[in-house]
Amino acid sequence: MWEETGDSVTLLCLTASSGVPLYCRSRGGAVKQQLPFSVIGSLNGVHMFGSNLDALLTAACTENTRVVWKVFHNSITLIVLSSDEGASDFSLGRLLENVFNAMVLVLGLEELVNARNIERLKKDLKACYRLVDSFLEPGKCSADLTHYVECAVVPSRAILQE
């Protein structure tokens, strides 16, 4: 099927009603590549199948990849796949919330929720790519955005006393 290598993260954005891919962003791994449509369709299909049976599928984990789904305002579905060993469901869920909020910041909630023309929405979402990509990069200073505490661990306290 599809293998994540190294510490890679792939983010999918789809319409919630029809599952049409709006964009796919990734970082890490050997090669930056677009996911095959069959993989995108399978990931969305599993989530939609569960929701039709009133089962909420929020996360799944294989031996080397963690997958988290989240639907926003019944209009946008975000899916993140991470092969980073330190990734948790909480941190990936926070990533999805930050990505959606970035989309709202750039386009507005009304535009995302009531999208009439999917092709126009895809084009408009390109303005979000740089901000979304910044969320995918590890080690960026983003404590204000992610509500995490940033800290540095040093091997000796003498360094801090100087």
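Start by selecting β4 (66–72) and β5 (76–82): these two strands run antiparallel and are joined by seven bridges. Strands count as paired if DSSP finds at least two bridges between them. The elements themselves are DSSP runs numbered from the N terminus, with helices (H or I) of at least four residues and strands (E) of at least two. What you have open is a predicted model, in which local features need pLDDT of at least 70 and side-chain atom pairs count only at pLDDT 80 or more, while totals for chains, interfaces and linings use all residues. Residues are numbered from 1 along each chain as its sequence is written, and side-chain values use heavy atoms, with hydrogens and water left out.

**Along β4 and β5**

Show W69 and you will find it opposite I79 in β5. V71 faces T77 in β5. Now move to the turn: three residues lie between β4 and β5 in this hairpin, and H73 there has a positive phi of about 55°.

Next, colour β5 by burial. Buried here means under 20% relative accessible area, exposed means over 50%, and partly exposed lies in between (1.4 Å probe, protein chains only). Seven of the seven residues of β5 are buried, so the strand is largely enclosed by the rest of the structure. In a regular strand the side chains alternate between the two faces of the sheet. In β5, I76, L78, V80 and S82 point one way, and T77, I79 and L81 point the other.

**The neighbouring strands**

Add β1 to the selection. Seven bridges join β1 to β5, and these two strands also run antiparallel. L12 lies in strand β1 and stands opposite I79 in β5. L12 counts as buried because its relative accessibility is 1%. Put a distance label between the C-alpha atoms of L12 and L22: they are 7.8 Å apart, with these positions 10 residues apart along the chain.

Then bring in strand β3 (residues 59–61), which pairs with β4 in the antiparallel sense over three bridges. A59 sits opposite V68 in β4, and a hairpin of four residues joins β3 to β4.

**Into the core**

Which residues touch the most other members of the largest nonpolar core? Select Y23, L78, V99 and M103, which hold that position among its 26 residues. A nonpolar core is a set of buried Ala, Val, Leu, Ile, Met, Phe, Trp, Tyr and Cys residues joined through side-chain atoms within 4.5 Å. Two or more residues come from each of β1 (9–15), β2 (21–27), β4, β5, α2 (89–107), α4 (118–125) and α5 (129–136). Helix α2 gives the most, with seven residues.

Centre on Y23 and show its contacts (heavy atoms within 4.5 Å). Leaving out residues up to four places away in sequence, Y23 touches L11, L12, C13, L78, V99, M103, L125, Y129 and V132. Apart from this core lies another one of nine residues, including C24, V39, V67 and I79.

**Rings to look at**

The structure holds two aromatic pairs. Rings of Phe, Tyr and Trp (its six-membered ring) pair if their centres lie within 6.5 Å; planes under 30 degrees apart are stacked, over 60 edge-to-face, and the rest tilted.

Y23 and Y129 make an edge-to-face pair, at 5.5 Å centre to centre and 65° between the planes. This pair links distant parts of the chain, with Y23 in strand β2 and Y129 in helix α5, 106 residues apart. Both Y23 and Y129 are buried.

Now show F72 and F100: their ring centres are 4.4 Å apart and their planes at 5°, so this pair is stacked. F72 is in strand β4 and F100 in helix α2, 28 residues apart. F72 is buried at a relative accessible area of 10%, and F100 is buried at 4%.

Return to Y129 and add R25, whose charged end sits over the ring of Y129, 4.2 Å from its centre. A charge sits over a ring if NZ of Lys or CZ of Arg is within 6 Å of the ring centre and within 35 degrees of the ring normal.

**Last stop: zoom out**

Show the full chain: it has seven helices and five strands, and of its 162 residues, 37% count as buried.
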